[in-house]
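Thank you all for making the time this morning. I would like to walk you through one chain, part by part, and I will put the structure on the screen before I say anything about it.

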Amino acid sequence: MAKNKSKNMLKQYLLQNLARMHDEIVQFTQELVKIPTENPPGKYYRECVDIIKKQLQKFNLPTRVVHVNASDSNSYPRSCLIASYGEGQKTVYFHGHYDVVPAAHKNQFRPAIHKKKLFGRGSSDMKSGLASMIYAVRLLQLCKVPLNGRICLTIVPDEETGGMYGTRYLIDTGYIKKARAVAMIMPEPTSGAIWHACRGAISLMLKIKGKAVHVTLQRQGINAFEKMVALVNALLRLKAAVEKRKTDFNVGPGESKNSILMLGGICRCGTNFNIVPGECSMTLERRINPEEDFTTEKAALFNLLRRFQKKGINLEIETLQEGESAGITSDHYAARALAENIKRITGSRPQFRMCPGLLEIRYYIKRGIPAFAYGPGLLSVSHSPDEYVPVENIYNCAAIYALTAAQLLSQNKIK
Ligand SMILES: [Zn+2]
């Protein structure tokens, strides 16, 4: 009883102080939306990093800019920001990305508020989320909430193109460490759910090269299409086998629980009806459930493709994207703390779901750090021409993050 009372007192105290910062939070979100950090190709990253860094320094948070060393990132330099608050061994990560997908129209970089919604590219995915996590730290700082540990803010580019020069870089170079990490929370636009799992993905472009000749000379040519049909038949047998498997994780309405192998998202073939097709290409999309072993599934797929290459078929394989699956139980104490604080602030208990796409929690989970996505944005409008975020969600998320970090880093011993 006493514990609940003190929890409610902390909540009220934080909310009162947060209310005084509402205008400032929205203003900061708008400042971020104004910077067209479109990725690809990765524009205006430096300008965005400067604004965030200035804000963190205004709050006296030790901040460091990590320049990403990558040969092909030179034309558009990549940098990550790391800041921390509090002292001690345990660490809660607040992790977010500042790149956005390219705008549908120029007005998307002129943020506007209409009927309590903030419109603009990145308003939902995820510049509002960056504001929520930064102001959650500011709130704990202003309210002098005692923490047994620290919050580490990791702010990265390149999430929209796979995270190679963002999150992956910080993990590989040891800036993000498993030792003493309690949990990671990231503000992806989850529409009120908590994402605690994601499917892995292998996206391939398959190209068979043959020899184009006139139909009347077809015996002298090599029909790339007919070779592709043979390959497709083998892939359909693999599809039938893998798609029998279902995930135990909760998925969104209308989404499939089955593992996925989809063929032919893009197909290109031939030049004319009377010419033997000299080239045939097709994409393949493999989405791997968290319960499946990524390495085993990748090997099964590539073994099949290599068998065709060994038969003398001129098959080229180009990997368009690749990312591992990941998942963590919703019973984890950090998951329960996050869900409980969402309920306390919004009034409704969130559902736990598997994210329909790739999600950067995978980098943390693979290294043994429990990681979850929950943010102010809405998935349905993210990346769209009318992207917006309900303004109230930005404040709510700041309060939720602050309360969750306070709980996970409470002075009492953590379970
Ligand atoms: Zn995002």
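Before we look at any strands, let me fix one term: two strands are said to pair if DSSP finds at least two bridges between them. Please also keep in mind throughout that what you see is a predicted model.

With that term in hand, let us begin with strand E5, residues 117-119, which pairs with E16 in the antiparallel sense over 3 bridges. If you want a place to rest your eye, Phe119 stands opposite Tyr388 in E16. These two strands belong to an open sheet of 3 strands, whose order is E4-E5-E16 and whose pairing is antiparallel. At the edges of this sheet we find strand E4 (112-114) and strand E16 (388-390), each of which pairs on one side only. On average, and ignoring direction, neighbouring strands here are turned by 25° against each other. Helix H10, residues 391-408, packs on this sheet, where it touches E4, E5 and E16, and the direction of H10 makes about 65° with that of E16.

Let me turn from this sheet to a pair of helices. In general, two packed helices are described by the angle between their axes and the distance between the axes. For helix H2 (residues 22-34) and helix H4 (residues 123-142), the axes come within 9 Å and cross at roughly 135°, which makes H2 oblique to H4. The crossing of these two helices is right-handed. Which residues in H2 meet H4? They are Ile25, Phe28, Thr29, Leu32 and Val33, and on the H4 side they meet Ser123, Lys127, Ser128, Leu130, Ala131 and Tyr135. Sorted by class, the residues of this contact divide into 7 nonpolar, 3 polar and 1 charged.

Now we come to another sheet, which is open, has 4 strands in the order E10-E11-E9-E12, and again shows antiparallel pairing. Strand E10 (260-269) and E12 stand at its edges with a single partner strand each, so one side of each is left without a neighbour in the sheet. Neighbouring strands of this sheet are turned by 15° against each other on average, with direction ignored.

We can follow the pairings along that order. E10 and E11 pair in the antiparallel sense over 7 bridges, and Leu261 has Arg286 in E11 as its bridge partner. Strand E9 (residues 200-209) pairs with strand E11 (residues 279-288), also in the antiparallel sense, over 10 bridges, and here Lys209 stands opposite Glu279 in E11. Finally, E9 is joined by 8 bridges to strand E12 (residues 315-323), and these two run antiparallel; Gly323 in E12 is the bridge partner of Ala201.

How is the chain divided as a whole? There are two parts, domain 1 (2-198 + 325-408) and domain 2 (200-323), and their C-alpha centres lie 37 Å apart. Where they touch, 12 residues of domain 1 are in contact with 15 residues of domain 2. On the domain 1 side, the elements that give two or more residues are strand E13 (326-327) and strand E14 (352-355), and E14 gives the most, with 3 residues. By class, that side of domain 1 has 6 nonpolar, 4 polar and 2 charged residues.

That is where I will stop, and I am glad to take questions.

Terms used:
Residues are numbered from 1 along each chain as its sequence is written. This is a predicted model: local features need pLDDT of at least 70, side-chain atom pairs count only at pLDDT 80 or more; totals for chains, interfaces and linings use all residues. Domain bounds come from an automatic or database domain assignment. Two residues are in contact if their C-beta atoms, placed from the backbone, lie within 7 Å. Ala, Val, Leu, Ile, Met, Phe, Trp, Tyr, Cys and Pro count as nonpolar, Asp, Glu, Lys and Arg as charged, and the others, Gly among them, as polar. Axes are lines fitted to C-alpha atoms, for helices over the stretch in contact, and angles run from 0 to 180 degrees between N-to-C directions. Angles under 35 degrees count as roughly parallel, over 145 as roughly antiparallel, 65 to 115 as roughly perpendicular and the rest as oblique. A crossing is left-handed if the near helix is turned anticlockwise from the far one by less than a right angle, and right-handed if clockwise.
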